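Biologist: I am new to this structure and would like a close look at a single part of it. Could you choose one stretch of backbone, describe it carefully, and then place it in the wider picture?

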Amino acid sequence: MKIAVLPGDGIGPEIVAEAVKVLQRLEADGLRLTLEWGAVGGNAYASHGSPLPEATLKLAKAADAVLFGAVGDPRFDTLDRHLRPEQAILGLRKNLGLFANLRPALLYAELASASSLKPEIVAGLDILIVRELTGDIYFGQPRGRRKSPDGAFQGADEAFDTMRYSRPEIERIAEVAFQAARARKAAGHPGKVTSVDKANVLETFQFWKDVVTEVHAQYPDVQLEHMYVDNAAMQLVREPKKFDVIVTGNMFGDILSDEAAMLTGSIGMLPSASLNAERRGLYEPSHGSAPDIAGKGVANPLATILSAAMMLRYSLGEPEAATRIERAVQTVLRQGMRTADIAEPGTRTVGTAAMGDAVVAALG
Ligand code: NAD
């Protein structure tokens, strides 16, 4: 199994190094992995003149999965948009056909007080948001503005974007959600998909709802419910634990996945996966390159380590290895070990490398 390792900028190299330590420990236990490194983001721009060099793209395309750190470097914020480090992630999504974004919002009981919600509402939260990534109003045609005298927005009378989804686009994301719910059910979750739409107002989402219902016929073991997006936004803060898997379009997913992420209160803990039709994928922490703490050895590597676990589960067919990593993370939290971002009175604050070492040790 070939993994392209793209550490990127800021804290990227520090946190990816810890995830690699964990993978190498699993390798020592018999898991067969080949890791190959590539340049991406601001580092790649500095060395190759492009945030996503051809060689990196080739490496990512040939791999079974990509382990990604983060991109973004204030030194390059004034560059033309297409040369900025953040373009690398968009280029990878497009070239690898990554249409499904999976973001678990999981709150370990040990971190319940990190949330801005009451601990009893969020303790033990474990939900999965499946966001469609390549369609919807973000990619709609036509789009534009009317009656602008000089092509600028100033003086234009209106601007518009078109919301659009095709049947295959909805079918494939619904399948990802139902399969995820089925796999979670086997692991003790309720096995329920909540499809979030705005079918009461938008034709696109009436169509979405109908197609999701059709696909559901192939998954009788999974429960399906439909919910309007405004209600879903409310229920996520009111009673988040009543969700299991949420599936929704690109724009609603963009908003709801950030809302759900914040339920857990700790950005350094949240992994993510973006998958294509062959279930190959890109795995990365939900946070960015954190230039404010880069190079200080204090970044929390757990989101990246948990992303590596998702990679084993979703792209590499190694769910047991994934669970082993997740249990090890839980063990170190239970032992009271914390990086600075999740530190609390009575816990022991450790740096990035020490946290990675602790997870390796907890793998047993
Ligand atoms: P950020 O997520 O990098 O940082 C926000 C805050 O969270 C900072 O205070 C940071 O120190 C903290 N933080 C983030 N990850 C942490 C970790 N693992 N451990 C401890 N603390 C952590 O967001 P930002 O500051 O808005 O963006 C910084 C750069 O990252 C920008 O260039 C942005 O474009 C880029 N970015 C990249 C990605 C990506 O690579 N997918 C995603 C988001 C932002």
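Modeller: A good place to begin is the loop between strand E5 (126–132) and strand E6 (144–146), where Pro-142 is found; please keep in mind throughout that this is a predicted model. The peptide bond that leads from Gln-141 into Pro-142 is cis, its omega lying near 0°. The loop between E5 and E6 also holds Asp-136, and this residue, although it is not a glycine, has a positive phi of about 75°. These two features deserve a pause, because most residues other than glycine have a negative phi, and most peptide bonds are trans.

To set this loop in its surroundings, one can turn to the domain assignment, which divides the chain into domain 1, made of 1–100 together with 271–364, and domain 2, which covers 126–263. The C-alpha centres of the two domains are 26 Å apart. Where they meet, seven residues of domain 1 are in contact with nine residues of domain 2, and the area buried between them comes to about 780 Å², with carbon and sulfur atoms giving 67% of it. On the side of domain 1, the residues that lose the most area to domain 2 are Phe-99, Ala-100 and Arg-279, which together account for 63% of what that side buries. As for how the two domains are linked, the count of salt bridges between them is zero, whereas two residue pairs are in polar contact across the interface, both at pLDDT 80 or more. The residues of domain 1 that touch domain 2 divide into four nonpolar, one polar and two charged.

Looking beyond the interface, a search of the whole structure finds 20 salt bridges. Side chains of opposite charge can pair when their charged atoms come close. One example joins Glu-36 and Lys-2, whose closest N and O atoms are 3.7 Å apart; it links distant parts of the chain, since Glu-36 sits in strand E2 (residues 34–37) and Lys-2 in strand E1 (residues 2–8), 34 residues apart.

The search of the whole structure also finds six aromatic pairs. In one of them the ring centres of Tyr-45 and Phe-76 lie 5.3 Å apart with their planes at 70°, so the pair is edge-to-face. This pair, too, links distant parts of the chain, with Tyr-45 in helix H2 (residues 42–48) and Phe-76, 31 residues away, in the loop between strand E3 (65–70) and helix H4 (87–96).

How values were computed:
Residues numbered from 1 in each chain as written. Heavy atoms only, no water. Domains from an automatic or database assignment. Contact = heavy atoms within 4.5 Å. Buried area = accessible area lost by both parts, 1.4 Å probe. Salt bridge = Lys/Arg side-chain N within 4 Å of Asp/Glu carboxyl O. Polar contact = N/O pair within 3.5 Å; in protein donor to acceptor, adjacent residues only side chain to side chain. Nonpolar A, V, L, I, M, F, W, Y, C, P; charged D, E, K, R; others polar. Phe/Tyr/Trp six-rings, centres within 6.5 Å; stacked < 30°, edge-to-face > 60°. Helix = DSSP H or I, 4+ residues; strand = E, 2+ residues; numbered from the N terminus.
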